[in-house]
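These are my notebook entries on a structure that I looked through entry by entry. Each entry records what I looked up and what I found.

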Amino acid sequence: MTQSSISLSKAEKSYIQAGLLCDPPHRTDGRPLKAYRQVELETGVAHLANGSARVSIGREGVNTGGGTEVVAATKLEVEDLDDGGIEGGRIICSVSCSPAAYPHLSSSALEDLQQDMSIVLHQILAHRTLHPTNLGIIRGKKSWLLHLDAIVLSDSGNAYDVMFMAARAALWDTKVPRTRSVEYRAPKGSKSAVESEGMDIDPTVSGFDTRQLSKATDFELPDYWDEGEILDGRERWPICVTLNLVPPVHYLDATLQEEAATHLRLLLAYSFPTSSTSTLQGVRLLGPGELSFEATKSLIRQGEKYALEVFTSLEAKLRDEDFRRYQKAQAKFSRTR
Amino acid sequence: MAQTGSDRRRIAGPEESKPPIFLSDEQQLHTWKLGDPRQGRTALDVRPIFLQPGLIDQANGSAYIEAERTKIACAIYGPRQSRNVPFHDKGKLNVEVKFAPFSCPQRRAPLRDAEDRSLALAIYQALVPAVRLELLPKSTIDVFINVIEADGIDACIAAGTTAASTALADAGIEMNGLVASCSAAMVGNEVWLDLTEVESRSTTGTLVLSCLPALGTMTSVWQTGRMTTEESFQCMDQCQSRCTDIHTIVAQALRENA
């Protein structure tokens, strides 16, 4: 139900559409139809989050404004299974849009927009086929609740793709704290025993000894210096490509003006669990327009190609970021010491 | 104890509720395993549909759809004048989906939990390309969908869409064609259509397709979960052929009611 966030006159719309349809196609910024603007990515931007990333697309230069910018961060919360939690943990995604990014929208329209974006993000990322295996803490008692929050700081088109990139980078960056289950056993003096559930065993006396836990197990964090283990299945998180459709052509990475002049968008979320396989993780058709079946199928096939390109470069950048933040930082630290 | 801020005139009901588990359901669930043929119907069958337009007198148009345990009522009000909004040269379609408290195994608390925007969004997308909103400037059409009983959330979207398009036709609102909708899912390597709640627990990916069978175009494709490209095409093909049948049912129901 999203209206485009800026209003454009009919003349401007037809100018943009005519440009896209002519041969060779013309876009206002001189890009080819299937080209993305420059993407910038940085992970680890929010220090209090378990994982975070900032992605921007189409900024005019370093440290300048413009472009679409999304910050995504994950935050883990301990949740009891009796009040709301489910076995093995769960994921909740939400999107908030800064009013500064959408000055034309009223507050209620902005609310609708962020709800619609949240729904798409949540339905695709929180699906059980993508669920990581290491979000459980104590079987039958406690689990992690992963909040993924994305904030759209500025929007100059293609917010969905940028949002999914930021979400993927934040989830990639997420570290789950290592936990160790603690159990109190009453007999044999008053010594406690520490039981581990698939975690590393360390029979040291824990701080929970004083508490007379009957049989109920709790958990502790073995060490606070280490950031924890990587969230499982981080290769699987999908990325999204939005195909903007002006039949018979389609183009990628629309600017805000182009978005307002395009009625129909096809969102395709692709996941590449291994380098050779690809799976579809979500398809959404948005906007008032119709498509023929053959056109849709060929669009989905072509979308896979674009998605692979985006995925490959994002993957390379993420590994590069990991290297920058962990190995280079370590080397620098050991030098100064 | 009524919560502060809640509706005092309403009986709040218990804070939490647990659905009863019947022995017969349990047994049925346990005997089926992945790879077995589908119980009760074949993989490409949809549940038998009962569709009745014009059930709600005070609405401009309405429809009631029932497919075994999926029961949905839809009412259309309008087109009416949009208030408090700037000029629009196209009409506005406003879709609201509400669940009855007793519609799901888990109770859906009134006000707090009754509305589902994700369903409304899916149904809106399925309908909006079909309705000729350019003929209705400055106006709003309200589509109220009430889920009386839900059995499978994707089936709910599909049934809701079909009911809403029937109701729109019943209200005499101009459309490019009747929208028919069908849901499909991958169970193992097979395509199953119109899944129930129990069946949908063993799927890896689902797809809801809405189309205008009269024009051979589609208005919405809504896929979640894991699917290969080829599997999604299979699902789309099966949905498309079933939508043609559903279209016949809609047309028949409208003709009988006229």
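**Entry: Ser241(B).** I looked up Ser241(B) and found its place in helix H5 of chain B, which covers residues 229-257. The model is a predicted one, and I read every entry with that in mind. With a relative accessibility of 36%, Ser241(B) counts as partly exposed. I then took the separation from Pro213(B): the two residues are 28 apart along the chain, and their C-alpha atoms are separated by 8.8 Å.

**Entry: Leu209(B).** I turned to strand E8 of chain B, residues 205-212, where Leu209(B) lies. Is Leu209(B) buried or exposed? Its relative accessibility is 0%, so Leu209(B) counts as buried. I listed its contacts, leaving aside neighbours within four places in sequence, and found Phe293(A) from the other chain among them. From chain B the contacts of Leu209(B) include Ala180(B), Ser181(B) and Cys182(B), as well as Met218(B), Ser220(B) and Val221(B). Met236(B), Cys239(B), Gln240(B) and Cys243(B) are also in contact with Leu209(B). For a separation I chose Leu136(B), which is 73 residues from Leu209(B) in sequence and 27 Å from it in space, C-alpha to C-alpha.

**Entry: Glu174(B).** I located Glu174(B) in the loop between H3 and E6 of chain B. Glu174(B) counts as partly exposed, at 48% relative accessibility. Beyond its neighbours within four places in sequence, I found Glu174(B) in contact with Val131(B), Arg132(B) and Leu135(B). Pro110(B) is 64 residues from Glu174(B) in sequence, and the C-alpha to C-alpha distance between them is 34 Å.

**Entry: a helix pair across the chains.** I examined helix H2 of chain A, residues 107-125, together with helix H2 of chain B, residues 117-127. Their axes come within 10 Å and cross at roughly 95°. H2(A) is therefore roughly perpendicular to H2(B). On the H2(A) side I noted Asp112(A), Gln115(A), Asp116(A), Ile119(A) and Gln123(A) as the residues making the contact. On the H2(B) side the contact is made by Arg117(B), Ser118(B) and Leu121(B). I sorted the residues of this contact by class and obtained 2 nonpolar, 3 polar and 3 charged.

I stayed with H2(B) to check its burial. How many residues of H2(B) are buried? I counted 10 of the 11, so H2(B) is largely enclosed by the rest of the structure. The buried residues include Ser118(B) and Leu121(B), along with Ile123(B), Tyr124(B) and Gln125(B).

**Entry: cavities.** I searched the whole structure and recorded 2 cavities of 30 Å³ or more. The largest has a volume of about 130 Å³. Of its 13 lining residues, I noted Ile49(B), Ala158(B), Ala159(B), Ser181(B) and Asp194(B) as the closest to its centre. Which element gives the most to this lining? I found that H3(B) does, with 4 residues. In chain B, strand E2 (61-67), helix H3 (153-170) and strand E6 (180-187) each supply at least two residues of the lining. By class, I sorted the lining into 9 nonpolar, 3 polar and 1 charged residues.

**Entry: two positive phi angles.** I returned to Asp194(B), which lines the largest cavity. Asp194(B) lies in the loop between strand E7 (190-193) and helix H4 (197-200) of chain B. Its phi is positive, about 55°, although Asp194(B) is not a glycine. Asp194(B) is buried, with a relative accessible area of 9%. In chain A I found Asp253(A), in the loop between E12 and helix H4 (256-261). Asp253(A) is not a glycine, yet it has a positive phi of about 50°. Its relative accessible area is 0%, and Asp253(A) is buried.

**Entry: cis peptide bonds.** I recorded a cis peptide bond from Pro247(A) to Pro248(A), with omega near 5°. Pro248(A) has its place in the loop between strand E11 (239-246) and strand E12 (249-252) of chain A. In chain B, a cis peptide bond joins Gly78(B) and Pro79(B), with omega about 5°. I placed Pro79(B) in strand E3 of chain B, residues 70-81.

**Entry: chain A overall.** I closed with chain A, where I counted 5 helices and 15 strands. Chain A has 337 residues, and buried residues make up 50% of them. Among its contacts between residues at least 6 apart in sequence, 72% join residues at least 24 apart.

Technical notes: Residues numbered from 1 in each chain as written. Chains lettered and ligands numbered in written order. Predicted model: local features only at pLDDT ≥ 70, side-chain atom pairs only at ≥ 80, totals over all residues. Heavy atoms only, no water. Axes fitted to C-alpha atoms, helices over the stretch in contact; angles between N-to-C directions. Parallel < 35°, antiparallel > 145°, perpendicular 65-115°, else oblique. Contact = heavy atoms within 4.5 Å. Nonpolar A, V, L, I, M, F, W, Y, C, P; charged D, E, K, R; others polar. 1 Å grid on protein atoms, 1.4 Å probe; cavity = no way out; pocket = protein on both sides within 12 Å on 5 of 7 lines; lining within 4 Å. Points joined across faces, edges and corners; volume = space filled by probe spheres on them. Buried < 20%, exposed > 50% of the residue type's maximum accessible area, 1.4 Å probe, protein only.
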